[in-house]
Amino acid sequence: MSLTFLLLGIALLSALSFVFGRQRAIALSGGRYSNLHSLPVHYGTYTALWCGLPALALLFVWYALQGSVVQALIISDLPADITSDPGKLSLALNAISLIAADNAAHLDVAPEVVEAGQRLATLHTISNIALIVVLLSVALLGLALSYRRIFADMRARNNVERIVRYLMIGCSAIAILSTLGIVFSLLFEALHFFSKISPVDFLFGLEWSPQTAIRADQVASEGAFGMIPLFAGTLLITFIAMLVAVPVGLFSAIYMGEYASSTFRAWAKPALEILAGVPTVVYGFFAALTVAPFLRDSGAVLGLSVSSESALAAGLVMGIMIIPFVSSLSDDVMSQVPQALRDGSYGLGATKSETIRLVIFPAALPGIVGAILLAVSRAIGETMIVVMAAGLAANLTANPLNAVTTVTVQIVTLLVGDQEFDSAKTLSAFALGLVLFLVTLGLNVFALKVVQKYREKYD
Amino acid sequence: MAVVTADAMTNASQTRGKSKMAARDLNLFYSDNQALYDVNLDVVEREVTALIGPSGCGKSTFLRCLNRMNDTIDGVTINGKVTLDDRDIYDKSIDVVQLRARIGMVFQKPNPFPKSIFDNVAYGPRIHGLVNSRDELDEIVMTSLEKAGLLKEVKDRLSAPATGLSGGQQQRLCIARAVAVSPEVILMDEPCSALDPIATAKVEELIDELRSNYTIVIVTHSMQQAARVSQRTAFFHLGKLVEVGETDQIFTNPRDERTKGYITGRFG
């Protein structure tokens with residue numbers, strides 16, 4: 001019995017419960033809904049929720065526990081010489097599940113294992129049938145209990161709202177818990193990495209060359225895991241990007257918000273925001289195929305040697321990508337400056353630019369700083385453009401014409417392809433990810449604090 | 001004088017003082033809606049002129065015509081004439097920025113800039129280059145605060161943020177800010193509507209003092225306030241100037257039925 005059918009079944013039962021609950025409420029009302037505490041639809045929803053939710057919850061718990069319970073049962077029946085050795089046990093369990101799936105004709109295994117495999121198949125069947133029976137009874141029980149509780153003065157409306165509130169709490173819990181899960185998985189892998197490479201070498205090392213031997217018989221370099229060149233590259237590209245994005249974004253925000261006529265604004269603003277909708281991979285090949293060669297050629301004309309994958313190309317294009325981010329955020333912040341302040345300034349005989357420079361901009365400055373910080377954290381975390389345009393060479397340089405590499409680029413290259421999962425090389429990606437996460441998190445928190453503080457001032 | 005025409009009032013005012021500002025056949029449209037109809041009004045120098053009338057009657061709109069604040073609103077068209085010292089302020093040769101420096105404005109809600117108290121008052125003098133040295137600036141700020149009756153309360157915390165002042169203090173700061181530019185006329189748009197009675201009394205007192213140096217036009221919803229602070233009162237109704245005259249006369253012996261109805265509280 002597949003999950004889809006079970007879910008469909010639960011949905012169907014809930015729908016039926018809805019109809020029953022509603023009908024009973026209508027019957028109780030004697031034709032006048034005002035005799036009821038709540039509307040009939042609330043009673044229907046109430047029974048539907050009581051029928052469907054417990055069954056759903058049970059279904060998920062069942063699926064979560066089924067595997068480990070069944071496995072424990074199988075293991076308890078295996079002979080001790082298999083269970084005592086973890087390696088053997090895992091092989092045997094593999095074989096057992098293959099046999100259970102009727103997919104093991106070519107396997108040559110002990111008769112106990114074959115037997116266990118057949119037993120596993122039976123257990124699965126039993127479990128599935130039991131699941132259907134239990135689900136059905138839970139759903140019907142929920143329906144019956146809630147149906148019996150329907151009286152004219154039962155507060156179905158309030159009850160439904162309470163249940164819905166718990167549902168919403170559940171949804172936000174999912175979002176928060178998955179963030180926590182990601183952070184912890186990063187953290188544990190990073191700790192694993194730090195048990196191989198000292199954190200001091202990682203945080204302050206000036207050399208990055210993660211090529212280590214994959215097998216013991218390979219000849220390869222020792223591997224150096226100093227993240228400074230990567231962060232220097234990231235910061236260089238981010239800096240170039242902000243040099244482009246901040247002035248352009250800010251001035252376009254000022255123009256859009258303060259000078260542009262409403263008709264121009266009506267089409268120019270969405271047009272600017274289209275920039276934000278361009279997939280970053282498109283920016284990536286724009287940078288790699290158009291901007292970088294152009295920079296190299298114009299560099300050659302001027303007698304400069306520009307590498308074909310340069311920090312400048314990646315930074316410029318990333319800056320363009322971030323323009324709408326800066327401009328729409330700062331536009332929001334500046335349009336929140338109350339009209340009364342503008343009037344006050346105009347009333348004193350200030351010109352438009354004086355008003356913007358001396359009143360609106362300072363008043364909006366904290367918010368604008370917040371917007372820029374958010375943009376910075378976006379630039380630091382940006383991957384696709386730098387993967388395509390910045391290069392792989394971990395040069396520690398401040399020259400934007402050289403190729404540099406970034407944290408995100410290295411994470412991508414470390415994890416792409418066949419890798420041994422517990423080598424320092426692979427694990428270093430998690431350490432990099434953790435540091436990157438901490439930096440952007442810090443920036444975001446700081447930026448949001450700044451923005452918030454500013455918001456309070458006019459509320 | 002059974003029917004009061006604008007001309008008649010102009011003549012009457014000439015006996016008392018010079019007309020500082022005047023509106024002639026002023027019509028104003030917000031897009032297609034007409035908000036003012038043929039308004040003719042004189043503002044006499046060194047007097048307080050109160051504009052009263054029910055909400056939406058156009059008195060604030062008219063006030064904002066006097067320093068061209070309506071320019072900042074999209075879709076406003078104006079015809080007719082507004083003069084300051086007999087020069088049309090809507091003439092192309094007029095620099096609206098300089099005009100607003102000559103005609104200051106105080107708004108309904110206190111709107112100090114989110115800067116220090118000092119910087120708020122210094123704002124106008126700085127942008128108009130009225131001072132050449134820090135000492136001169138200090139001088140202007142101090143005298144302006146003094147004129148606005150605020151100096152005693154704030155002199156120890158001039159660098160504190162203006163937004164930390166109470167509502168009444170903020171409004172007097174806005175008056176000081178307007179005064180610092182040495183305007184000839186000060187327009188006040190319901191300056192006390194956001195203030196408590198004590199702060200209101202202080203601002204009213206201040207208006208009375210300012211009258212000796214400035215020409216003041218004040219929009220107010222409170223007829224008591226108009227009676228207390230103004231020498232002349234103009235009553236607006238549905239975008240038309242119904243009646244204008246000496247405050248005493250308007251409140252004791254209005255000539256128009258509508259004015260009478262409004263001041264006796266029968267509508268409005």
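**Close-ups of a predicted two-chain model**

**View 1. The annotated transmembrane domain of chain A.** An unreviewed UniProt entry puts "domain: ABC transmembrane type-1" on residues 231-447 of chain A. Keep in mind while looking around that this is a predicted model. Helix makes up 79% of that stretch of chain A and strand 0%. Follow the chain from residue 231 to residue 447 and you end up with end C-alpha atoms 20 Å apart.

**View 2. Two assigned domains in chain A.** The domain assignment splits out domain 1, residues 3-154, and domain 2, residues 224-458, of chain A. Measure from centre to centre over C-alpha atoms and domain 1 of chain A sits 49 Å from domain 2 of chain A.

**View 3. Transmembrane regions of chain A, two of them picked out.** The unreviewed UniProt entry lists "transmembrane region" at several places in chain A, including residues 45-65, 274-295 and 427-448. Residues 45-65 of chain A are 100% helix with 0% strand, and their end C-alpha atoms lie 30 Å apart. For residues 274-295 of chain A the helix figure is 91%, again with 0% strand, and the end-to-end C-alpha distance is 25 Å.

**View 4. Helix α9 of chain A.** How far should the 16 residues of α9 (residues 262-277) of chain A reach at 1.5 Å a residue? The expected span is 22 Å, and the end C-alpha atoms are 23 Å apart, so the two agree. As for surroundings, none of this helix is tucked away: the number of buried residues in α9(A) is 0 of 16, so the helix lies largely in the open.

**View 5. Where chain A touches chain B.** Chain A brings 16 residues to this contact and chain B brings 23. On the chain A side, α12 (339-347) and α13 (352-381) each supply at least two residues. The largest share there, 6 residues, belongs to α12(A). Sort the chain A side by character and you get 8 nonpolar, 5 polar and 3 charged residues.

**View 6. A helix crossing inside chain B.** Here α4 (residues 117-127) and α7 (residues 167-179) of chain B have axes that come within 7 Å and cross at roughly 35°. From α4(B), the contact uses I117(B), N120(B), V121(B), Y123(B) and G124(B). The α7(B) side answers with L173(B), A176(B) and R177(B). Taken together, the residues of the contact between α4(B) and α7(B) come out as 5 nonpolar, 2 polar and 1 charged.

Conventions:
Residues are numbered from 1 along each chain as its sequence is written. Chains are lettered from A and ligands numbered from 1 in the order in which they are written. This is a predicted model: local features need pLDDT of at least 70, side-chain atom pairs count only at pLDDT 80 or more; totals for chains, interfaces and linings use all residues. UniProt positions are given in the numbering used here, feature names are shortened, and annotations may be inferred rather than shown by experiment. Helices (H or I, at least four residues) and strands (E, at least two) are DSSP runs, numbered from the N terminus. Domain bounds come from an automatic or database domain assignment. Two residues are in contact if their C-beta atoms, placed from the backbone, lie within 7 Å. Ala, Val, Leu, Ile, Met, Phe, Trp, Tyr, Cys and Pro count as nonpolar, Asp, Glu, Lys and Arg as charged, and the others, Gly among them, as polar. The expected span of a helix is 1.5 Å times one less than its number of residues. A residue is buried if 20 or more other C-beta atoms lie within 10 Å of its own, exposed if 12 or fewer, and partly exposed in between; C-beta atoms are placed from the backbone. Axes are lines fitted to C-alpha atoms, for helices over the stretch in contact, and angles run from 0 to 180 degrees between N-to-C directions.
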